[in-house]
Amino acid sequence: MIVLKDILYKVPLEKVLGNTSVAIRDINFDSRKVGLDDVFVAINGSLSDGHNYIKGAVDKGVIAIVCEILPLETVNGVTYIQVKDSQEALAMMASNFYDNPSTELKLVGITGTNGKTTIATLLYNLFSKAGYVAGLLSTVKIMVGNTQLNASHTTPDSLTINKFLREMVDAGVSFCFMEVSSHGIDQKRTSGLEFAGGVFTNLSHDHLDYHKDFKEYRDVKKLFFDQLPKTAFALTNADDKNGDVMLQNTVARKYSYAAKTVADYKVQILENQFQGLLLKINNQELWVKLIGNFNAYNLLAIYATAELLGLEQLEILQLISTLESVDGRFQFKISEKNITAIVDYAHTPDALKNVLGTINTIRTGNEELITVVGCGGDRDTAKRPKMGHIASQLSTKVIFTSDNPRTENPEAIIEEIEKGVSPENFRKTLSITDRKQAIKTACQMAAENDIILIAGKGHETYQEVNGERTDFDDFKIVNELLIALNK
Ligand SMILES: CC(=O)N[C@H]1[C@@H](OP(=O)(O)OP(=O)(O)OC[C@H]2O[C@@H](n3ccc(=O)[nH]c3=O)[C@H](O)[C@@H]2O)O[C@H](CO)[C@@H](O)[C@@H]1O[C@H](C)C(=O)N[C@@H](C)C(=O)N[C@H](CCC(=O)O)C(=O)O
Ligand SMILES: Nc1ncnc2c1ncn2[C@@H]1O[C@H](COP(=O)(O)OP(=O)(O)OP(=O)(O)O)[C@@H](O)[C@H]1O
Ligand SMILES: N[C@H](CCC[C@H](N)C(=O)O)C(=O)O
Ligand SMILES: [Mg+2]
C-alpha cells in the first residue's frame, strides 16, 4: 500500500488541505486517465491548463489533487496540496512512487542538439556487449535489458521514466543511458533523478519555436549540469563554443573531450571513408565502422563515458571497433549500379551541414550528390530557409519535399525552405511535395557512382499529415525504387 505522505517526501509544499495519510492507487497528470483513489497533478501546459480539469478529476474519484493554485471550491474527502511547481512535484512524486529506481542503477544522461540518440544507443550496445544488463531511453526505442518497447518522446514524462527505471532495476539492469532533451529539462521530466553522469554533445539551432531564444535554449541545457550531484561526472565537448558554459556551475566532477582543443579525452581522425573512420583515441589507433567527423566526437564521448563508468581502456576500444550505425543515422546501401543511398535523421541545419560535409569529404570524383529533404510542420520555422541554403549549397542537386507536415500546408513549408536558396543555386533545386515521388525522382536522376542523401526522417516509419500517420520508411522506399529501376 502506498500512502500519500510517503510520495510527498522531499516535495516542497506550500499548503495542505486534508489528510495525507490516505492510501493512493496511482499518480496521473491527465484527467482523462485518472481513476478511483488516484492522485491528479494539475499542470499548466503549453496548450491547456490542467487546473481546469481538477473538478473533472474529482468527479472521477481521485483522492488527492496536487496543484499550483488551489480551487475555490474543495470537496470533502479529497486532499488538496498546493506546490510552487507542479511539474517538479510530479517528478519527485514519481521517483518516490517507484521507490527511487535511479539510485539503484547507474544512470547517464546525454544532452545537446545532435548526437544524443547515437551516443545513448551505442553506449547501450557497448555495455550489453561487455556483458552487462543495460537499459536505454531514446527517441527511437526503449530497452529494458533485451526487451524492446516503443518510445513516444526523446525524454518521456517523469512518471514514464521512473516506471521504466523500476522495470530496469527489477530486470537486473546496472547501467541505463538516456537522452535528455531541452523540453525534458524545461518541463522537469528529469528532476529528482539521481544521475551518475551527464554528457554534453553540442549546441546549435533547434527548437527556437519553444525556447524564446538561443540563450534560453542554452541555459535550459546547462540546468541539467547545474543539477548533477557531486558524485556524478560531467563530460563536455570542449570544441563546442558552449562546452565550457555547460559546466560553469556544476558541482559534479568535470571532464572534457575534443578533437581540436586541449581536453582530458582526445581524438584524431586519420582517415574518413565509406568503409569507416580510422581514429586515434588517447594515442591508440583503431578502425571503426561509423562514418563522418561528427561520429568521431560521438565515439570519443562514448569512450570517455565508458571509462568514467569503470570499464578498461583496451576493452572499450575493442568494443568500439565493433559498433555499427544506429537505425536512420547515416544508414546506407550501395546499389547494383554503385549508387550510394544514404538515409539520415539530419533535421537541423547543423546536422544537415555535417552530413553533407562528410559526404563531400568522402566523394572522390565528379559524382552527383542528390539530396532529398524537407522540414517538419508545427516545428521551428526559422530553420527552414537555413536548411534550404545548406542543402543547395552543399549538394549538386536538391529535391525539396515534405517531412511530417502535421497541421501545416506542405507547399507553404517548402516555399519557406526555398527562400534560403541563393540565386546561384536555384538551378540545382526542384520541389516535389509527395515524398515518395521526390525519392523516386532522385533515383531516376542518379547515374552510376552517384550519391543520394535522404535527410530528416531517419528511423521514422511514418509520414504525419493532419494528425494521421501513414506508413513511410525512407530506407525501405529508396532500396525498393533502386531495385525496381534496375539501378
Ligand atoms: C510542447 C510539449 O512539449 N508538450 C508536452 C507537455 O504537454 P503540455 O503540458 O503542453 O500539455 P497540454 O496539452 O498543454 O495540457 C496541460 C495539462 O493538462 C492536462 N489535461 C489536458 C486535457 C484534459 O482533458 N485533461 C488534462 O488533464 C494534460 O495532461 C497536461 O498535463 O507534456 C506532455 C506530458 O509530458 C507531453 O506529452 C507533451 O509533449 C508533446 C506531445 C510533444 O510533442 N512534445 C515534443 C515537442 C517534445 O517534447 N519533444 C522532445 C524532443 C525534441 C528533440 O530533441 O528533438 C522530447 O523529449 O520528445
Ligand atoms: N555529434 C554530432 N554533431 C553533429 N551532428 C550529429 C552528431 N551526431 C549525429 N549528428 C547528426 O544529427 C542527426 C541526429 O543524430 P541523433 O539522432 O544521434 O541526435 P539526437 O540528439 O538524438 O536528435 P533528436 O533531438 O532529434 O533526438 C544524425 O542523423 C546526424 O546527421
Ligand atoms: N524530435 C524532433 C524530430 C524531428 C524530426 C522531423 N522528421 C520532423 O518530424 O520534424 C521533433 O519532434 O521536433
Ligand atoms: Mg534523439
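**Entry 1: ligand 1**

I began with ligand 1 and found 19 residues surrounding it, the closest of which are G45, L47, H153, D157 and S181. The structure is a predicted model, and I keep that in mind throughout these notes. Sorting the shell around ligand 1 by class, I get four nonpolar, twelve polar and three charged residues. I then asked where ligand 1 lies with respect to domain 1 (2-96) and domain 2 (100-320). Both domains give residues to its shell, so ligand 1 lies between them.

**Entry 2: ligand 3**

For ligand 3 I listed the surrounding residues as T154, H347, G376, R379, D403, N404, G456, K457 and E460. By class, I count no nonpolar residues in the shell around ligand 3, with five polar and four charged residues making it up.

**Entry 3: domains and the contact between domain 2 and domain 3**

I looked up the domain assignment of the protein chain, which gives domain 1 (2-96), domain 2 (100-320) and domain 3 (331-486). Taken over C-alpha atoms, the centres of domain 2 and domain 3 are 28 Å apart. I next checked how many residues the contact takes from each of the two, and found 16 residues from domain 2 and 16 residues from domain 3. On the side of domain 2 that touches domain 3, strand 16 (265-273) and helix 9 (293-308) each supply at least two residues. That side of domain 2 has five nonpolar, nine polar and two charged residues.

**Entry 4: the UniProt range 25-98 and an open sheet**

The unreviewed UniProt entry lists residues 25-98 as "domain: Mur ligase N-terminal catalytic". Over residues 25-98 I find the chain to be 24% helix and 19% strand, with the end C-alpha atoms 12 Å apart.

I then traced an open sheet of five strands, which follow the order 2-7-6-5-4 with mixed pairing. Its edge strands are strand 2 and strand 4 (27-28), each of which pairs on one side only. Within this sheet I examined strand 6 (residues 64-67) and strand 7 (residues 79-83), which pair in the parallel sense over four bridges. As a single example of that pairing, I noted that C67 has Q82 in strand 7 as its bridge partner.

**Entry 5: strands 14, 15 and 16**

Further along the chain, I followed strand 14 (residues 233-237) to strand 15 (residues 253-258); the two run parallel and are joined by five bridges. Here L235 stands opposite Y255 in strand 15. Strand 15 also pairs with strand 16 in the parallel sense, over two bridges, and in this pairing A258 stands opposite K266 of strand 16. Strand 16 (265-273) had already come up in my notes, as one of the elements supplying at least two residues of the side of domain 2 that touches domain 3.

**Entry 6: K221**

I went to K221 on account of the UniProt annotation "modified residue: N6-carboxylysine", which comes from an unreviewed entry and covers this position. K221 sits in helix 7 (residues 214-226). Is K221 buried or exposed? With 24 other C-beta atoms within 10 Å, K221 is buried, because the cut-off for that class is 20 or more. Leaving out residues up to four places away in sequence, I find K221 touching T111, G112, S182, I185, L203 and M246.

**Entry 7: R406**

R406 is in the loop between strand 22 (397-400) and helix 13 (410-418). I count 16 other C-beta atoms within 10 Å of R406, which is therefore partly exposed. Residues up to four places away in sequence aside, R406 touches G376, G377, D378 and E464. One of these, G376, is also among the residues that surround ligand 3. I also took the C-alpha separation of R406 and T441, which lie 35 residues apart along the chain, and obtained 24 Å.

**Entry 8: two positive phi values**

Lastly I looked at two residues with positive phi that are not glycine. K10 has a phi near 75° and belongs to the loop between helix 1 (4-7) and strand 2 (13-17). K10 is exposed, with 12 other C-beta atoms within 10 Å. N100 has a phi of about 45° and is found in the loop between helix 3 (86-97) and strand 8 (106-111). With 20 C-beta neighbours inside 10 Å, N100 counts as buried.

Definitions and conventions. Residues are numbered from 1 along each chain as its sequence is written. Chains are lettered from A and ligands numbered from 1 in the order in which they are written. This is a predicted model: local features need pLDDT of at least 70, side-chain atom pairs count only at pLDDT 80 or more; totals for chains, interfaces and linings use all residues. A residue is near a molecule or strand if its C-beta atom, placed from the backbone, lies within 6 Å of it. Ala, Val, Leu, Ile, Met, Phe, Trp, Tyr, Cys and Pro count as nonpolar, Asp, Glu, Lys and Arg as charged, and the others, Gly among them, as polar. Two residues are in contact if their C-beta atoms, placed from the backbone, lie within 7 Å. UniProt positions are given in the numbering used here, feature names are shortened, and annotations may be inferred rather than shown by experiment. Domain bounds come from an automatic or database domain assignment. Two strands pair if DSSP finds at least two bridges between them.
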